[in-house]
Amino acid sequence: MALISLSTRLGPLELRSPLIAASGTVGSVWEWADVADVSPYGAAVAKSVSPTPWLGRPAPRVAPTTVGMLNGIGIQNPGIEAWALTMEPYIATAEVPVWGSAVGEDVHGFSNVAKRLDAAGVAAVEVNLSCPNLEDGQIFSFDARLSAEVVEAVAGAVSVPVGAKLSPNTPDIVAVADACRAAGADFVVLTNTALGFGLSLEDRRPLLSGGVGGYSGPGLKPIALRSVYEVSQALPGLPIVGCGGVTTGRDVLEFLVAGAAAVEAGTIHFAEPRAGRRIMKEVQTEMKRLKVSSVSELVGTLEQW
Ligand SMILES: Cc1cc2nc3c(=O)[nH]c(=O)nc-3n(C[C@H](O)[C@H](O)[C@H](O)COP(=O)(O)O)c2cc1C
């Protein structure tokens, strides 16, 4: 069989691999790149960053669950100015395209951060419309109009491609994805963590100081796949990055077939920082088994019963 082609087209972006490291699970990328081989990845997304420093929530803010984990970090980050100071020199020499992730409390906050991310050299900007850990509990992606306003402002502020990252709890995810597309998003990322909760019987307290947090890991896969499936069926031209519970090469292929052009893996990196090499080996093994020689032959090839 001919050589396997792993490159994939995500709207205006050409990625060398369909595997992307998800925001918040590989730090600011460089810490992780120190221990992991980044060559199997098409991109790595840095932790979301806000206009000013955010302290995040007090401990406990991560907890394992029966399957996967809960987190309530609250997007602790140093703010965009400090971020750009340390990240700009790294991004220029990184061995993987680095994407930025913008978060804010309002439209201007998002667009100011995105502008600075772009100036620091990121290859794309994800707009984190879906974090469940902000103080007032507001999730932008629950509201199509608000999401569109943010995306429009960000798309107008940057020269690089823009992706809208949505929550799997978004009531009508097709409507919100469509609004983001119309507002200028080049792709959507489906999805962020799902709202989750856990408690300790011994302490009679929530596992996270903030109570409700974000649930991620293998249990999220069917929920994220559902989002990818619904959006790709309803909006066939919209490039999608699948994300949720990816731990194996087979998971990557399932997201591709459901309609994603690329796939992010997050939680797996905490247990296995070098997961990318294994996952992409498995992707190639599975592609050979399925007699498929390029990633593009898989994207959106799902058939109905
Ligand atoms: C500890 C932790 C921190 C995260 N921080 C962010 C973040 O800052 N921005 C963001 O967009 N997503 C963040 N996420 C969500 C992941 O990027 C990803 O969307 C989610 O975990 C689902 O993928 P997974 O099941 O492969 O982990 C975080 C996830 C975890 C577990």
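Q: How many disulfides does this structure contain?
A: A disulfide is a pair of cysteine sulfur atoms within 2.5 Å. By this rule the count is zero. Cys-180 is in no disulfide, and the nearest cysteine sulfur, that of Cys-243, is 16 Å away. This is a predicted model, in which local features need pLDDT of at least 70 and side-chain atom pairs count only at pLDDT 80 or more, while totals for chains, interfaces and linings use all residues. Residues are numbered from 1 along each chain as its sequence is written, and side-chain values use heavy atoms, with hydrogens and water left out.

Q: Is Cys-180 buried or exposed?
A: Buried means under 20% relative accessible area, exposed over 50%, and partly exposed in between (1.4 Å probe, protein chains only). Cys-180 has 0% relative accessibility and therefore counts as buried. Cys-243, with a relative accessible area of 7%, is buried.

Q: Which residues are closest to the ligand?
A: A residue surrounds the ligand if one of its heavy atoms lies within 4 Å of it. Here 21 residues do so, and the closest are Ser-23, Ser-48, Lys-165, Gly-245 and Thr-267.

Q: Which atom of Gly-245 lies 2.7 Å from an oxygen atom of the ligand?
A: A polar contact with the ligand is a pair of N or O atoms within 3.5 Å. For Gly-245, a backbone N or O atom lies at 2.7 Å from a ligand oxygen. In Ser-48, a polar side-chain atom lies 2.7 Å from a ligand nitrogen.

Note on methods
Polar contact = N/O pair within 3.5 Å; in protein donor to acceptor, adjacent residues only side chain to side chain.
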